[in-house]
Amino acid sequence: MMAERWDILVVGAGPAGASAAFAAATRGVRVVMAEQRKTVGVPVRCAEYIPAPLVGMVEPAPDCVVQRVEGMRTILPDGTIKPMRAPGFTIRRDRFDQFLADAARKAGARLMTQTRVVQKKHDGVLVKDAAGTYRIFVPKVIIGADGPHTTVGKWIGSVNRTLMPAVQYRVALTRPMDMTEVYFDPEIYGGYGWLFPKGKEANVGLGILRSATRKDSIRKRLDRFVLRLKSEGKIQDSPLAAAAGWIPVDPPRRVVRGNIVLAGDAAGHTHPITGAGIFHAVVCGRMAGKWAAEAVRSNDPARLQGYEAEWRDLLEETLQRASARRRLLEKNWGRLGEILPRCWVAFKDYYERSA
């Protein structure tokens, strides 16, 4: 089996991987993306909201964006509504991911779908391609952007230890909405329910800690949440589609070792309280690609520590605060209504230094 030499191997072609590949390829290095799915972005496992600054940063194609969102309404356990200005957009996540991957490919990166990373060898990586053929890639740098259950992270002992399951339905709205809605309820332990409008439809879902699902399945709780929204006249008919996924909720950790770096969900860059991850994935993916290219061009893997420093400078304080608020929230879940102002982003108390 002949070795195929690359400057950079990116594992995963989601927002983090595609952004990393784009940033590296535009710097003139040879990049290959290994994506295990047949079609990038499919199936969708996302509530599909992105903040407005991200649209200005990546300038997605018009067919990626469904509608503008003006803000967020948080519905507390007693029914009180807390509005918050949070401009953004709901998107077609599959098209958004495909747009980013196409941009990387046009910049010079090679995209290989249905290609699975099998094993880390001494100085290379064994992969299985779409034809079922085993191949050896020998990259100078490996970027792991392979999601919550990262394989690349296992190679460097940096994995997500706490993952929150999330389930979601696509449903029809009874009327247009320009606000997302977040619902806190005692039975949605450690998480929340959501309603994110997408034109005439919406994504309705919930995330809940696994330890709370033993007596009652997460799907049954979602069904009850859907019935609530129907009774309030917000949605209609039966679910049109279903999706599920995992949300990393750990504190930040080191994600660089040797010639390997992680980005996006694989790196635990997801916000431990809100579950938001697309913006962080794109930004950190670009950082990873930039520093990987620098390491290649200087023939110095130690340059990758610049990535560790840069993403921490941008996100560490935010993620540490969110992690502390999550611990506080879980410990005091029996006092949910009382504790939420200190544990949810819509309240100013959330941003105080002491939890």
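Leaving aside its neighbours within four places in sequence, which residues is Ala242 in contact with? In this predicted model, Ala242 belongs to strand S14, and beyond its sequence neighbours within four places it touches Gln168, Tyr169 and Arg219. The C-alpha atoms of Ala242 and Leu227 lie 16 Å apart, with their positions 15 residues apart in sequence.

**The second largest pocket**

Ala242 also takes part in the lining of the second largest pocket, together with Pro43, Val44, Cys46, Glu48, Gln168, Tyr169, Arg170, Lys198, Asn203, Ala241 and Ala243. The volume of this pocket is about 170 Å³, and its lining residues comprise 7 nonpolar, 2 polar and 3 charged. At least two of the lining residues come from strand S10 (163-173), and at least two come from strand S14 (235-248).

Pro43, one of the residues that line this pocket, is placed in the loop between strand S2 (31-34) and strand S3 (49-51), and the peptide bond that leads from Val42 to Pro43 is cis, with omega near 0 degrees. Ala47 is placed in the loop between S2 and S3, and Ala47 counts as buried because its relative accessible area, 18%, falls under 20%. Setting aside neighbours within four places in sequence, Ala47 is in contact with Gln168, Trp194, Phe196 and Asn203; of these contacts, Gln168 and Asn203 are also named in the lining of the second largest pocket. Ala47 and Arg92 are 45 residues apart in sequence, while their C-alpha atoms are 9.7 Å apart in space.

**The cavity**

The count of cavities of 30 Å³ or more comes to 1, and the largest cavity has a volume of about 40 Å³. Its lining is made up of Phe184, Gly190, Gly191, Tyr192, Ile273, Arg326, Leu329, Leu340, Cys343 and Trp344, which divide into 7 nonpolar, 2 polar and 1 charged. Helix H7 (305-331) and helix H8 (336-343) each contribute at least two residues to the lining of this cavity.

**Nonpolar cores**

In soluble globular proteins, nonpolar side chains tend to be buried together. The largest nonpolar core of this model holds 68 residues, among which Ile8, Val31, Ile143 and Tyr307 touch the most other members. Helix H6 (residues 278-298) makes the greatest contribution to this core, with 12 residues. A second core, separate from it, has 27 residues, including Val182, Phe196, Ala346 and Phe347. As for Val31, its contacts, apart from neighbours within four places in sequence, are with Trp6, Ile8, Val10, Ala21, Ala24, Ala25, Gly108, Ala109 and Arg110.

**Buried polar and charged side chains**

Arg135 is found in strand S9 (residues 134-144), and it counts as buried because its relative accessibility of 16% is under 20%. The side chain of Arg135 forms a polar contact of 2.8 Å with the side chain of Glu4. Glu4 appears again among the residues in contact with Arg135 once neighbours within four places in sequence are left aside, the others being Met1, Arg110, Met112, Val125, Leu126, Val127 and Asp129.

His271 sits in the loop between strand S16 (260-262) and H6, and His271 is likewise buried, since its relative accessible area is 9% and the cut-off for burial is under 20%. Its contacts outside the four nearest places in sequence are Ala276, His280, Thr318, Leu319, Ala322, Val345 and Tyr350.

**Backbone exceptions**

Most residues other than glycine have a negative phi, and most peptide bonds are trans. Two residues with a positive phi are set out below.

| Residue | Phi | Place | Relative accessible area |
|---|---|---|---|
| Gln114 | near 50 degrees | loop between strand S6 (110-112) and strand S7 (116-120) | 37% |
| Asp237 | about 60 degrees | strand S14 | 54% |

Gln114 is therefore partly exposed at 37%, whereas Asp237 counts as exposed because its value of 54% is over 50%. Asp237 shares its strand, S14, with Ala242, the residue with which this report began.

Conventions
Residues are numbered from 1 along each chain as its sequence is written. This is a predicted model: local features need pLDDT of at least 70, side-chain atom pairs count only at pLDDT 80 or more; totals for chains, interfaces and linings use all residues. Side-chain values use heavy atoms; hydrogens and water are left out. On a 1 Å grid over the protein atoms alone, a cavity is a set of points where a 1.4 Å probe fits but cannot get out, and a pocket is an open set with protein on both sides within 12 Å along at least five of seven lines; lining residues have an atom within 4 Å of a point. Grid points are joined across faces, edges and corners, and a volume is the space filled by probe spheres set on the points. Helices (H or I, at least four residues) and strands (E, at least two) are DSSP runs, numbered from the N terminus. Ala, Val, Leu, Ile, Met, Phe, Trp, Tyr, Cys and Pro count as nonpolar, Asp, Glu, Lys and Arg as charged, and the others, Gly among them, as polar. Buried means under 20% relative accessible area, exposed over 50%, partly exposed in between (1.4 Å probe, protein chains only). A polar contact is a pair of N or O atoms within 3.5 Å; within protein, one must be able to donate a hydrogen and the other to accept it, and residues adjacent in sequence count only if both atoms are side-chain atoms. Contact means heavy atoms within 4.5 Å. A nonpolar core is a set of buried Ala, Val, Leu, Ile, Met, Phe, Trp, Tyr and Cys residues joined through side-chain atoms within 4.5 Å.
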